[in-house]
Amino acid sequence: MITTKLQSLLFVMILVSSISCCSPKEPVKIGFLGGVSGRVADLGIAGRNGALLAVEMRNKAGGLNGRTVELLVEDDQQDAEQAKAAVQRLIDQKVEAIVGPMTSMVAMATVATVNQAKVVMMSPTVSTQDLSHIDDYFFRVISSTAEYAHKSADYQASQQGIRRVAVVYDLRNQAYCESWLKEYQKAFSVHGGEVALTESYYSGDNVNFAKLAESLLKVKPDAVVLIANSLDAAMLAQQVKKRDPHVHIATSEWAATERLSELGGNAVEGVIIAQFMDRESNSPSFLAFRQAYVERFSMEPGFGGVTAFDATNVVLTALAGKDSSQTLKQAILSHPTFVGVQSEIRFDEMGDGKRETYMTTIHNGQFLRVR
């Protein structure tokens, strides 16, 4: 005969078991790190939106192996110390991976933290060569600066006949800008080109763009190359064209957000940029993504939205497919090719990504492929 005490114990055990079986599973937590505030937040906002859209679409499709996915967003404020603290907060919340950051400076400041914690950091847009060929927890879904700088230099020299350039770059994203410049100089010199002048500055509200433009034009370049964010590139282009309407202008891929054409106006018409997004693509996957993004956020995704969507889906796909014996890093590297909305993303054994590159120009305010 079961005693009253034993009956009570069995009831409690059944109740606990019932609650445990019926309660929803804990969500899968993914972090996002990007600069979503301040004067140059357009890239970070696009990245956050792309990551959020990927998570929302995954949840609508049933989640990740029966669990919902939760995106935890941290603003790195484009500051190294703020970024380190933000990454640590995400790690403390037990995220499976971090999508981001969006700039090389922040990546350089935070990669040691994710390596120590053994948490995958999947960047949509970081391209500095300083993080190439290293066996660590940093991954990226685009190519390194060498790809874009070399193609820019090759096109300018072979197609535009440019032989003499002046370059300006932003020291607030030094790891990216100096990496891009080094690769550009290497490729440009092969064509007999000369970088006649380099000028650096710290991005901010008090930059004297007029003075910078005057200095760049003193060496009488065939072209001025801007290695800067979209806002600064637009301001610089306006000041350069005001003083010399005939000089060519080129930018690095960092500047190629929608804000470059919006703010630069006529000054950026004809600008040449090697980048990793084709806004003219008619592929069904891209058109479906773009429609969903515009409906959700009432703005164009730009390259930040595209690559953050891709980066988030790489993480989610690898998490869904990995077996219990694998880490996320191992799962990604064991199947190193992933399908993006515009092109395949191919990772090498060190987690360095590669995808299609497109030569583009701005015509009537739109980014178009160079034919």
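This is a chat about a predicted protein model, from its overall build down to one small sheet.

Colleague: New to this one. How far can I trust the model, say by average pLDDT?
Modeller: It's a predicted model, and the protein averages a pLDDT of 94, with 94% of the residues scoring at least 70.

Colleague: Where is the pLDDT below 50?
Modeller: Over residues 5-21. Beyond near neighbours in sequence, that stretch has one contact in the model.

Colleague: OK. How many helices and strands are there?
Modeller: Twelve helices and 15 strands. The C-alpha trace spans about 100 × 40 × 35 Å along the principal axes.

Colleague: What share of the residues is buried?
Modeller: Of the 371 residues, 54% are buried. As for contacts with a separation of 6 or more, 68% of them link residues 24 or more positions apart.

Colleague: And the surface, how much area is exposed?
Modeller: About 16,500 Å², and carbon and sulfur atoms supply 51% of that.

Colleague: How far apart are the mean positions of the positive and negative charges?
Modeller: They sit 2 Å apart, counting 36 positive and 41 negative charges.

Colleague: Switching to the sheet with S11, S12 and S13. What's the strand order?
Modeller: The order is S11-S12-S13, in an open sheet with antiparallel pairing. S11 (337-339) and S13 (353-354) are the edge strands, each pairing on one side only.

Colleague: How many residues join S11 to S12?
Modeller: Four, in a hairpin. The two strands pair over three bridges, and Val339 stands opposite Glu344 in S12.

Colleague: What about S12 and S13, how many residues are between them?
Modeller: Five, and again the two strands form a hairpin. Gly351 in that turn has a positive phi of about 85°.

Colleague: And which residues are bridge partners there?
Modeller: Two bridges join S12 (residues 344-347) to S13. Arg346 partners Lys354, while Phe347 partners Gly353.

Colleague: Back to S12 itself. Which side chains point to which face?
Modeller: Ile345 and Phe347 point to one face and are buried. Glu344 and Arg346 point to the other face and are not buried.

Colleague: Why do the side chains alternate?
Modeller: Because in a regular strand they alternate between the two faces of the sheet.

Colleague: So what does Phe347 do in this sheet, in terms of burial and pairing?
Modeller: Phe347 is buried, and its bridge partner in S13 is Gly353. Arg346, by contrast, is not buried, and its partner in S13 is Lys354.

Definitions and conventions: Residues numbered from 1 in each chain as written. Predicted model: local features only at pLDDT ≥ 70, side-chain atom pairs only at ≥ 80, totals over all residues. Heavy atoms only, no water. Buried < 20%, exposed > 50% of the residue type's maximum accessible area, 1.4 Å probe, protein only. Contact = heavy atoms within 4.5 Å. Areas by Shrake-Rupley, 256 points an atom, 1.4 Å probe, with all protein chains shown as cover. Lys, Arg positive; Asp, Glu negative; His and termini not counted. Charge placed at Lys NZ, Arg CZ, Asp CG, Glu CD. Pairing = 2+ DSSP bridges. pLDDT = per-residue confidence, 0-100.
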